[in-house]
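Got the model open in your viewer? Switch to a cartoon view, keep the selection box handy, and we'll take a walk through one corner of the fold.

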Amino acid sequence: MFYYEYSLTACGPLNARAAEVCRKGALIRTEEGGYGCIQPWPELGDHSLQEELDALRKGNPLPLGKRALECAQVDGEARAAGVSLFSGLHIPASHATLPSCVSPATIRIMETKGFKAGKIKASSNPAAALERLTMLASMVPSWRWRLDFNGSLDGNEALQFWKSLPHHLKSRIDFIEDPCPFSVPGWERLVNAGMPLALDMGTDTEHQPSITADLPVTRIVKPAREATPGDLNDPPVFTTVMDHPVGQLWAVYQAADYYRDALPTEIPLCGLCTHLLFEPDPFIDQMGGMNPQVAVPAGTGLGFDGMLEALPWKKL
């Protein structure tokens with residue numbers, strides 16, 4: 001197996017727990033010619049990149065490594081067959097993921113390009129989150145909104161934040177993702193208050209309480225971290241982990257494949273258009289500009305054939 005370490009530079013902090021704007025990860029290449037991506041977020045509980053690579057080297061992959069290997073297997077099989085994984089698939093549309101540095105001009109351009117919803121990576125300060133939501137929502141009156149606190153509030157703060165929203169904003173909220181750490185009693189309290197909730201299972205998918213039909217919660221599925229659960233009551237929202245375009249495209253493919261036979265009205269807006277959060281590089285340049293539907297690159301498997309082959313790969 002081979003690997004290539006990369007770094008992406010964001011235009012600002014990407015969530016409530018991550019201050020670093022330079023994000024490091026690694027692409028992997030298997031002997032069979034498939035590619036995958038590992039980009040940890042240690043702030044959110046992931047193992048470090050070095051730990052992931054060491055575990056791969058020893059043949060005992062950690063969670064992100066396991067999913068990268070699955071990606072590489074699927075990608076490699078398609079490359080060997082000479083076909084694109086996206087052939088015949090419809091790419092689900094995405095919300096606009098809005099970093100803290102986004103400008104009013106960018107918001108308005110996104111609206112003209114067809115985005116219909118925005119996702120805010122909210123700060124751990126509820127008052128600041130409300131101020132930002134109010135400001136952004138006033139710019140694009142037709143948009144729906146999604147907020148992600150990355151579990152940075154406690155239950156009382158989350159409830160108070162919801163109560164502080166005026167009705168005209170509440171009516172435009174699709175969901176609030178991980179307002180506080182998950183627990184059935186705590187989240188039941190928020191549901192009873194009328195808050196639409198979404199759960200990102202994060203890394204530790206084996207030790208979280210199950211979500212039942214009695215607790216209506218939108219599931220956020222990140223293919224870089226987990227396989228799509230098979231017991232979902234409602235359509236899941238697929239998102240990336242804000243990683244390299246190779247990892248981004250793995251999420252795009254998983255979402256498109258999951259909704260292969262669905263009607264357009266059955267497919268929720270996803271969170272697949274995250275390359276716009278980073279400064280341009282040769283891979284990002286191939287992903288297209290501001291468009292709610294990601295422009296997948298040409299080539300076999302996940303694409304980028306010649307570009308990936310040309311990287312200075314190292315033996316793992």
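Start by selecting isoleucine 28 and glycine 36: glycine 36, in strand 3, is the bridge partner of isoleucine 28. You're looking at a predicted model, where local features need pLDDT of at least 70 and side-chain atom pairs count only at pLDDT 80 or more, while totals for chains, interfaces and linings use all residues. Residues are numbered from 1 along each chain as its sequence is written, and side-chain values use heavy atoms, with hydrogens and water left out.

Now widen the selection to strand 2 (22-29) and strand 3 (35-38). Four bridges pair these two in the antiparallel sense. (Strands here are DSSP runs of E, at least two residues, and helices are runs of H or I, at least four, both numbered from the N terminus; two strands pair if DSSP finds at least two bridges between them.) Follow the chain from one strand to the other and you cross a hairpin with five residues in between, including glycine 33 in the turn, with a positive phi of about 90 degrees.

Next, add strand 1 (residues 2-9). It runs antiparallel to strand 2, with eight bridges joining them. To see one of these, pick leucine 8 and its partner in strand 2, arginine 23. Try a surface view here: strand 2 is largely enclosed by the rest of the structure, because six of its eight residues are buried (under 20% relative accessible area with a 1.4 Å probe, protein chains only; over 50% is exposed, and in between is partly exposed).

Where does strand 1 go on its other side? Strand 11 pairs with strand 1 there, antiparallel, over two bridges. Select tyrosine 3 and lysine 314 to see bridge partners. Zoom out and the four strands make an open antiparallel sheet in the order 3-2-1-11. Strand 3 and strand 11 (314-315) are its edges, each pairing on one side only.

Now bring in helix 1 (residues 49-57), which packs on the sheet and touches strands 1, 2 and 3. (Contact means heavy atoms within 4.5 Å.) Helix 2 (residues 63-81) packs on the sheet too, touching strand 2 and strand 3.

Last stop: helix 8 (residues 245-258). Select Arg67, Glu70, Cys71 and Val74 in helix 2, then Trp250, Tyr253 and Gln254 in helix 8, and you'll see where the two helices meet.

Key
Axes are lines fitted to C-alpha atoms, for helices over the stretch in contact, and angles run from 0 to 180 degrees between N-to-C directions.
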